[in-house]
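Biologist: Please pick one part of this model and walk me through it slowly. I am new to this, so plain steps would help me.

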Amino acid sequence: MKLLMESWRKFLNERMEFGEGFEQWLHGEGECEARSTNPQCLEEYGFEKIGEGSFREVWTLPDNPNYVMKTATGDFQDSETRAEMNKAEADAIVQTGYPELVPKVYDTADDYRWIVVERVKPYSLRDDSWVKDFFPELVEVMNETRANLRYQDDPTRLFQDYLMMRREELKGGSQSPDPAFKSREKDIWAADVKELGGEEVKEELDERMNQNPLFTKLLELVIEQELGIWDIRGGNVGQGMDGRFVLLDLGYGMETGEKGKTVFPEPRKYAREKR
């Protein structure tokens with residue numbers, strides 16, 4: 001894996017540079033240790049923090065606005081566990097068949113404490129416009145059928161329910177909870193056809209969404225990587241530098257609570273019991 005990334009960076013360096021400030025940080029040209037992810041050191045080299053989550057912090061590069069560096073920092077005491085998020089993201093571009101759906105990774109630390117990726121413009125947490133931008137067929141069906149009686153102008157919720165239903169169908173009908181909620185007392189289960197809005201809604205969605213190559217590719221990724229459907233939402237989706245749909249994190253974008261424990265969102269409640 002590391003050899004592949006080194007070859008990839010060598011290829012990239014023939015066409016671009018991350019900037020002087022990044023190179024100075026990389027080689028320790030200053031008072032801080034080379035490649036230190038200490039926030040004070042990063043700020044001294046001109047990095048600017050623009051975001052943080054449960055596992056990582058996101059920094060703009062000093063001289064190149066098209067790339068960001070994700071560092072494995074935060075409240076968790078096990079730094080190796082935190083770095084696993086970076087490793088998973090780095091692996092995605094080399095080892096999976098879905099590099100177009102994730103931020104492009106350009107460089108990594110040997111231990112994955114930091115990675116450099118393309119800068120993605122995320123949709124805000126409560127912004128549903130990504131559904132219309134990339135999956136307009138679903139919004140059309142929602143507005144034209146009884147689906148809107150249930151979802152009431154909530155395309156994200158309809159998208160998640162429909163995607164989860166399709167996942168279950170392709171798994172051969174064996175129902176299982178959203179992977180984002182594994183090992184919980186309360187699981188989230190796929191909606192059935194009636195809960196989705198009826199046979200008419202399901203048929204219209206199938207016909208139109210099957211013609212959207214992005215949806216079919218995303219469905220493959222969800223199944224292969226066992227992604228949590230809840231993660232496909234504003235705050236974790238965005239546009240890449242070329243305008244394409246991008247998932248910011250293949251891991252689960254949960255928040256941390258007391259003593260670093262993961263805080264899960266409340267699952268949806270459907271009428272029936274789990275099967």
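Modeller: Happy to! A strand here is a DSSP run of E with at least two residues, and strands are numbered from the N terminus. Keep in mind as we go that this is a predicted model.

Let us start at one residue, glutamate 118, which is found in strand 5, a stretch covering residues 114-118. Is glutamate 118 buried or exposed? A residue counts as buried when its relative accessible area is under 20%. Glutamate 118 has a relative accessibility of 2%, so it counts as buried. Its side chain reaches the backbone nitrogen of methionine 241 at 3.2 Å. Leaving aside residues up to four places away in sequence, glutamate 118 touches ten residues by name: Asn66, Tyr67, Val68, Val102, Pro103, Lys104, Tyr106, Gly240, Met241 and Arg244.

Now step back to the sheet around it. Strand 5 belongs to an open sheet of 5 strands, in the order 1-2-3-5-4, with antiparallel pairing. The edges are strand 1 (48-52) and strand 4 (105-108); each has a single partner strand, so one side of each has no neighbour in the sheet. On average, neighbouring strands of this sheet are turned by 25 degrees against each other, direction ignored.

In that order, strand 5 sits between strand 3 and strand 4, so let us take the two partners in turn. With strand 3 (residues 67-71), strand 5 pairs in the antiparallel sense over 5 bridges. Within strand 5, valine 117 is the residue that stands opposite valine 68. With strand 4, strand 5 pairs in the antiparallel sense over 3 bridges. Here aspartate 107 has valine 116 of strand 5 as its bridge partner.

Strand 4 and strand 5 form a hairpin with 5 residues between the strands. Look in that loop for tyrosine 112. What is its phi? The phi of tyrosine 112 is near 65 degrees, a positive value in a residue other than glycine. Most residues other than glycine have a negative phi. Tyrosine 112 is also buried, with a relative accessible area of 10%.

For a comparison elsewhere in the chain, try glutamine 152, in the loop between helix 7 (147-151) and helix 8 (155-170). Glutamine 152 is not a glycine, and its phi is positive too, about 45 degrees. Glutamine 152, though, is exposed, with a relative accessible area of 61%.

Back to the sheet, where a helix comes in. Helix 2 packs on the sheet and touches strand 3, strand 4 and strand 5. The direction of helix 2 makes about 165 degrees with that of strand 5. Helix 2 spans residues 20-27, and its buried residues are Gly21, Phe22, Trp25 and Leu26. Viewed down the axis of helix 2, these residues fall within an arc of 135 degrees, so they line one face of the helix. Just after helix 2 comes glycine 28, with a positive phi near 70 degrees.

Two of those buried residues also take part in ring pairs. Counting aromatic pairs gives 17. One of them joins phenylalanine 18 and phenylalanine 22: the pair is edge-to-face, 5.0 Å centre to centre, with 70 degrees between the planes. Both phenylalanine 18 and phenylalanine 22 are buried. Why is the pair of phenylalanine 22 and tryptophan 25 tilted? The planes of these two rings stand at 45 degrees, with the centres 5.3 Å apart, so the pair is tilted. Phenylalanine 22 and tryptophan 25 are 3 residues apart in helix 2, so about one helical turn separates them. Phenylalanine 22 counts as buried at 0% relative accessibility, and tryptophan 25 counts as buried at 0% too.

These rings belong to a cluster in which ring pairs link Phe18, Phe22, Trp25, Phe47, Tyr67, Tyr106 and Trp114. Two names there may look familiar: Tyr67 and Tyr106 are among the residues that glutamate 118 touches.

How values were computed
Residues are numbered from 1 along each chain as its sequence is written. This is a predicted model: local features need pLDDT of at least 70, side-chain atom pairs count only at pLDDT 80 or more; totals for chains, interfaces and linings use all residues. Side-chain values use heavy atoms; hydrogens and water are left out. Helices (H or I, at least four residues) and strands (E, at least two) are DSSP runs, numbered from the N terminus. Buried means under 20% relative accessible area, exposed over 50%, partly exposed in between (1.4 Å probe, protein chains only). A polar contact is a pair of N or O atoms within 3.5 Å; within protein, one must be able to donate a hydrogen and the other to accept it, and residues adjacent in sequence count only if both atoms are side-chain atoms. Contact means heavy atoms within 4.5 Å. The arc is that of the directions from the helix axis to the C-beta atoms. Two strands pair if DSSP finds at least two bridges between them. Axes are lines fitted to C-alpha atoms, for helices over the stretch in contact, and angles run from 0 to 180 degrees between N-to-C directions. Rings of Phe, Tyr and Trp (its six-membered ring) pair if their centres lie within 6.5 Å; planes under 30 degrees apart count as stacked, over 60 as edge-to-face and the rest as tilted.
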